[in-house]
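Reader: I would like a close look at one part of this model, the enclosed space inside it and the helix beside that space. Please take it step by step and keep to what was computed.

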Amino acid sequence: MALRTTHKPAAKNGSAPGKVRCAWATEDLAIAYHDEEWGVPVHDDRLLFEFLILEGAQAGLNWMTILKKRENYRGAFGYFDARKVARYDSGKSRKLLADPGIVRNRLKIESAVRNAKAFLAVQKEFGSFDRYIWGFVGSRPIRNHRKSSKEVPARTPESDSMSKDLIQRGFKFVGSTICYAFMQAVGMVNDHTIDCFRYDQ
């Protein structure tokens, strides 16, 4: 959920008087997501898996497309229980391809199942996916100082390292740009602009 072109940054906004937000939060759904979730450190494995799958589904699309389908994704993918998703077979994949509530892309659906299996392997090796993934930022959020969304990069050395390691572990749809969007979403980096009311929260 990157603060880049995938979010299509727009003019400053504020549904509540006196509140300045990151430029991309313009629609009601995006504002709620920005105010309540984006950039909040996540350490729950189920939610980390959810963001991993949603970021992969977003590839090539506008983030709002995925955000609007989020509840449908939760139902389609067993509320992001990695153990359940890892057991999905070809029959289940065909049903998902016919589900208009999600992005009906065969490669993305198949990658979700593959990623669930890789996710479980990481949990077994490290004790939790949380312990593994937060290791790429030294287990502490990186606090950036962006004056505008134009300063936000599409990738960083940390996302490059994460992407490389995930790919080696068998994950799909985890390029560096997707990884950086994931890092922003789960609070591994704070990319709220410094004038945003969420920056210091």
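Author: What follows deals with helix α2, then the largest cavity, and ends with the largest pocket. The model is a predicted one.

Helix α2 runs over residues 45-58, 14 residues in total. From its first C-alpha to its last it reaches 20 Å, close to the 20 Å expected at 1.5 Å a residue. The helix is mostly covered, with 13 of its 14 residues buried. Just after α2 comes Gly 60, which takes a positive phi of about 85°.

α2 also takes part in enclosing empty space. The structure holds one cavity of 30 Å³ or more, and the largest cavity contains about 110 Å³ of space. Its lining is made up of 16 residues. Those that lie nearest the centre are Ile 53, Ala 57, Lys 108, Ser 111 and Ala 112. Both α2 and α7 (106-126) supply at least two residues of this lining, and α7 gives the largest share, five residues. By character, the lining of the largest cavity divides into 10 nonpolar, four polar and two charged residues.

The largest pocket is a separate entry, with a volume of about 180 Å³. Its lining includes Gly 39, Val 40 and Pro 41, along with Pro 141, Ile 142 and Arg 143. Gly 187, Asn 190, His 192, Arg 198, Tyr 199 and Gln 201 also line the pocket. Here the division is five nonpolar, five polar and two charged residues.

Terms used
Residues are numbered from 1 along each chain as its sequence is written. This is a predicted model: local features need pLDDT of at least 70, side-chain atom pairs count only at pLDDT 80 or more; totals for chains, interfaces and linings use all residues. Side-chain values use heavy atoms; hydrogens and water are left out. Helices (H or I, at least four residues) and strands (E, at least two) are DSSP runs, numbered from the N terminus. The expected span of a helix is 1.5 Å times one less than its number of residues. Buried means under 20% relative accessible area, exposed over 50%, partly exposed in between (1.4 Å probe, protein chains only). On a 1 Å grid over the protein atoms alone, a cavity is a set of points where a 1.4 Å probe fits but cannot get out, and a pocket is an open set with protein on both sides within 12 Å along at least five of seven lines; lining residues have an atom within 4 Å of a point. Grid points are joined across faces, edges and corners, and a volume is the space filled by probe spheres set on the points. Ala, Val, Leu, Ile, Met, Phe, Trp, Tyr, Cys and Pro count as nonpolar, Asp, Glu, Lys and Arg as charged, and the others, Gly among them, as polar.
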